[in-house]
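Okay, thanks everyone for squeezing in. I'll talk through pockets, salt bridges and a bit of surface, so have a look at the screen.

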Amino acid sequence: KDRVLAAAAEGITIADARLPERPLIYVNDGFERLTGYTAEEAIGRSCRFLQRDGSDPETVQIIRDALDGQYDCTVEIRNFRKDGTPFWNRLSITPVRDEAGTVTHFIGIQSDVTQRREAEEALQEANDIMQHDLDEAAKVQQAWLPKSMPEVDGFEFAWSFTPCTELGGDSLNVIRLDRDHVGMYVLDVSGHGVPAALLSASIQRWLNEVPQQSCLFVPDESSPNGFAIAPPATVADKLNSSFDAEPGKFCTLVYGVLNLRTGTFDYVTAGHPPPLRSGPAGAEICPLAAGMPIGVVNDAKFEDHRLHLEPGDRLLFYTDGVFEAADDTGEEFGERRLATTFTEAKGERIAGALTQALEAARKWSGGRPFDDDISMLAAEIG
């Protein structure tokens, strides 16, 4: 027994429960190696001498309660060696009873778990840094979302952005291009996390109302400001030619120009779901306009498609997160259900229709968090 206790790697102590302060009456060699205290220095003292100001008061109280209550206890506490260096001690205390059931001694087993605790703290610190980076990237993503919608007589615009649990690469906007034209887009960068959000932000720098800094315009000497509105296919082509990302990264885009005087709407779908049109005659998913996702093929070709909108018509742009929301069986919400829900909300204002469509997708998925960002952008012709 003595050889086993002496050879044990853990520190083993025996305290006398019948004496005041429960002094140690035995410590093994493992305790001496762990703490730096010799048996002569430890025996006769309460084990509290291993505690100092750096020991957690709540953990100390747990130990005290276990000793007073005479029950088992296992804690991890910051103790200190004889030379003052701290270590994390996994302390297990067990009462020993005699034939009458009276507690006569406490056996303590100490293990040095400093390396594990330091590894856990380093991992937590890394997670905190990562979370901080995600929060900062989320701020960047939020900053690029519209602050307000253009106010245009006879037209109404609304948008909705619902992030998933991961940071994503969705974005959208409505931009007043000139007196008679409005540009609308929704884009979705592949992947999730900080890289997707930052890539999305870099793409949006090209989609702004400043002609000299935007791909939404092309040089035109006959124009008073030297620029003309670029056709949607040209916008997609310019984005594709300037797309700079690591291999395997791409973005899908639906972008259109709405003529406020004539009601015509020219759009391009670069690998993105086409708009959904809802009106007095019902709902339809508009045709795809030819075009690959941005960043897949260097010399990709893009084509415009034109819609003629009538009073009462609504247009809905959306990312795939909304129709890919799945129920418990894995069945997706789908574009047809989205179209039906959006059309049935014709009594609502356009913002209310977006909310109703989003809630229908959420209900379909059982209220679980969405697996992808959901971005929706809508326009109504009065």
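Quick word on the numbering: when I say strand or helix, I mean a DSSP run, counted from the N terminus, with at least two residues for a strand and at least four for a helix. On that count, I109 lies in strand 5, which covers residues 103-112. And keep in mind this is a predicted model.

I109 is a nice place to start. Together with V96 and I107, I109 makes a nonpolar patch on the surface, about 190 Å² of accessible area for the three. I109 itself is partly exposed, because its relative accessibility is 37%.

Now the pockets. The largest one has a volume of about 380 Å³. It's lined by 24 residues, and the ones closest to the centre are C47, R48, I63, L67 and I93. Which element gives the largest share of that lining? That's helix 4, with five residues. Strand 5 shows up again here: along with strand 1, helix 4, strand 3 and strand 4, strand 5 supplies at least two lining residues. By class you get 12 nonpolar, seven polar and five charged.

The second largest pocket comes in at about 250 Å³. Sixteen residues line that one, with P146, N173, V174, I175 and E209 nearest the centre. Strand 7, residues 170-178, gives the largest share, four residues. The classes there are nine nonpolar, four polar and three charged.

On to charges. The whole structure has 17 salt bridges, and I'll pick out three of them.

Remember R48 from the largest pocket? R48 pairs with E21, and the closest N and O atoms are 2.2 Å apart. The two sit 27 residues apart, R48 in the loop between helix 3 and helix 4, E21 in the loop between strand 1 and strand 2. R48 is partly exposed at 42% relative accessible area, and E21 is partly exposed at 48%.

Next, E76 with R116, at 2.1 Å between the closest N and O atoms. E76 is in strand 3 and R116 in helix 5, so this pair ties together parts 40 residues apart in sequence.

Last one: R314 and E380, with closest N and O atoms 3.4 Å apart. R314 lies in strand 16 and E380 in strand 17, so here the tie spans 66 residues of sequence. Buried or partly exposed, R314? Buried, at 3% relative accessible area. E380 is buried too, at 19%, the cut-off being under 20%.

And one network to finish: salt bridges with shared partners join E76, R116, R117 and E120.

Methods:
Residues numbered from 1 in each chain as written. Predicted model: local features only at pLDDT ≥ 70, side-chain atom pairs only at ≥ 80, totals over all residues. Heavy atoms only, no water. Patch = residues over 30% accessible without salt bridge, like charges linked within 9 Å, V, L, I, M, F, W, Y side chains within 5 Å. Areas by Shrake-Rupley, 256 points an atom, 1.4 Å probe, with all protein chains shown as cover. Salt bridge = Lys/Arg side-chain N within 4 Å of Asp/Glu carboxyl O. Buried < 20%, exposed > 50% of the residue type's maximum accessible area, 1.4 Å probe, protein only. 1 Å grid on protein atoms, 1.4 Å probe; cavity = no way out; pocket = protein on both sides within 12 Å on 5 of 7 lines; lining within 4 Å. Points joined across faces, edges and corners; volume = space filled by probe spheres on them. Nonpolar A, V, L, I, M, F, W, Y, C, P; charged D, E, K, R; others polar.
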